[in-house]
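Colleague: Got a few minutes to go through this one with me? Keep the cut-offs explicit, please.

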Amino acid sequence: MTKTIKDQVAGSDTTNVESSQQGWGCQEQCDPVIPKLMGKYKELTTSSESSLTRVEEGMGTVDAHMENLDQRVESLEADIAETHEEVRKALTKIGESNRVDLQALRDEFMAEVAHLRDVHQRELNSLLMQLQEARGDLALCKKVVLASPTTSTVESPRVNILKPKSFAGTRNAHEVDNFLWGLKQYFDAIGIIDYGAKIKSTALYLTDTAMLWWRRWQEDVKRGT
């Protein structure tokens, strides 16, 4: 085993003392000062040993502090790793929550779009049904006009009657209903009762998309489609 600093110094001091005692043995009888010097030397040796002892104790204390510091560092590293894992889990949870919220918002938006699409489709179907009814009325009026032997005459109105507003083909059931009702009121006011005349007059108040539809429908009728 390796000797401590105290043992090494003590051994060296003992060897020196023994050598000094052997070398000075013959002089102790001759010189009375030498014993005093030897006493001082022994005191210094004892003081040195005491100092070395305190140094070794201090080094032991330092070692204990270093070991305690190592343990605290290891504990701190474990705490940092645990904190890092908690932060990672928290971020993962936040990301999952945001994903769920975005999916819910997307589903809500798609449901609203589907609802609007359904409403527009119902309005369009209602408009198409009314147009089909109008088409049947027009066909009936045409038959009546062709079968009539004479052409009905319309008396000049005695009052200034406002003409109905034109219809541009807006996909709104209320506007279609108001347009048809306005035409009926206008025809009643000016005295038009012939279906053929009503059909021709109605076509004059179609504009934009409605006029385009009317033209295409007439072309389809001519082609038999």
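Colleague: What is the relative accessible area of lysine 184?

Modeller: On our scale, buried means under 20% relative accessible area, exposed means over 50%, and partly exposed is in between (1.4 Å probe, protein chains only). Lysine 184 counts as partly exposed, its relative accessible area being 48%.

Colleague: And before I lean on that, what pLDDT do local features need?

Modeller: Some bookkeeping: residues are numbered from 1 along each chain as its sequence is written, and side-chain values use heavy atoms, with hydrogens and water left out. This is a predicted model, so totals for chains, interfaces and linings use all residues, side-chain atom pairs count only at pLDDT 80 or more, and local features need pLDDT of at least 70.

Colleague: Which pattern does the protein follow along the sequence?

Modeller: Helices (H or I, at least four residues) and strands (E, at least two) are DSSP runs, numbered from the N terminus. There are five helices and zero strands. Read along the sequence, that gives α-α-α-α-α.

Colleague: Back to lysine 184, then. Which residue does its side chain meet in a salt bridge?

Modeller: A salt bridge here is a side-chain nitrogen of Lys or Arg within 4 Å of a carboxyl oxygen of Asp or Glu. The partner lies in helix H3 as well, four residues apart, about one turn of the helix. At 3.2 Å, N to O, lysine 184 meets aspartate 188.

Colleague: Why does aspartate 188 count as partly exposed?

Modeller: The partly exposed class is the one between buried and exposed. Aspartate 188 belongs there because its relative accessibility is 44%.

Colleague: How many salt bridges does a search of the whole structure find?

Modeller: Two others sit in helix H2, and both span about one turn: glutamate 96 and arginine 99 are three residues apart, aspartate 118 and arginine 122 four. The closest N and O atoms are 2.6 Å apart in the bridge between glutamate 96 and arginine 99, and 2.1 Å apart in the one between aspartate 118 and arginine 122. The search finds five.

Colleague: Why would residues at that spacing point the same way?

Modeller: Side chains of opposite charge can pair when their charged atoms come close. Residues three or four places apart point the same way because an α-helix has, per turn, a residue count of 3.6.

Colleague: Now the inside. Which helix gives the most to the largest nonpolar core?

Modeller: A nonpolar core is a set of buried Ala, Val, Leu, Ile, Met, Phe, Trp, Tyr and Cys residues joined through side-chain atoms within 4.5 Å. The largest has 17 residues, and those with the most contacts inside it are Phe167, Phe179, Phe187, Leu206 and Trp214. Helices H2 (33-147), H3 (173-190) and H5 (208-223) are the elements giving two or more residues to this core. The top contributor, with six residues, is H3.

Colleague: Tryptophan 214 sits next to another tryptophan. What is the angle between the planes of tryptophan 213 and tryptophan 214?

Modeller: Rings of Phe, Tyr and Trp (its six-membered ring) pair if their centres lie within 6.5 Å; planes under 30 degrees apart are stacked, over 60 edge-to-face, and the rest tilted. Tryptophan 214 is buried at 13% relative accessible area, whereas tryptophan 213 is partly exposed at 30%. Their pair is tilted, with 6.2 Å centre to centre and a plane angle of 45°.

Colleague: Which residues does tryptophan 214 touch, not counting residues up to four places away in sequence?

Modeller: Contact means heavy atoms within 4.5 Å. With those sequence neighbours left out, tryptophan 214 touches Leu138, Ile199, Ala203 and Leu206.

Colleague: And threonine 202: which residue's backbone oxygen does its side chain reach?

Modeller: Threonine 202 is in helix H4 (residues 195-203) and is one of the buried residues there. Beyond four places in sequence, threonine 202 touches Phe179, Leu183 and Phe187. A polar contact is a pair of N or O atoms within 3.5 Å; within protein, one must be able to donate a hydrogen and the other to accept it, and residues adjacent in sequence count only if both atoms are side-chain atoms. At 2.7 Å, the backbone oxygen reached is that of lysine 198.
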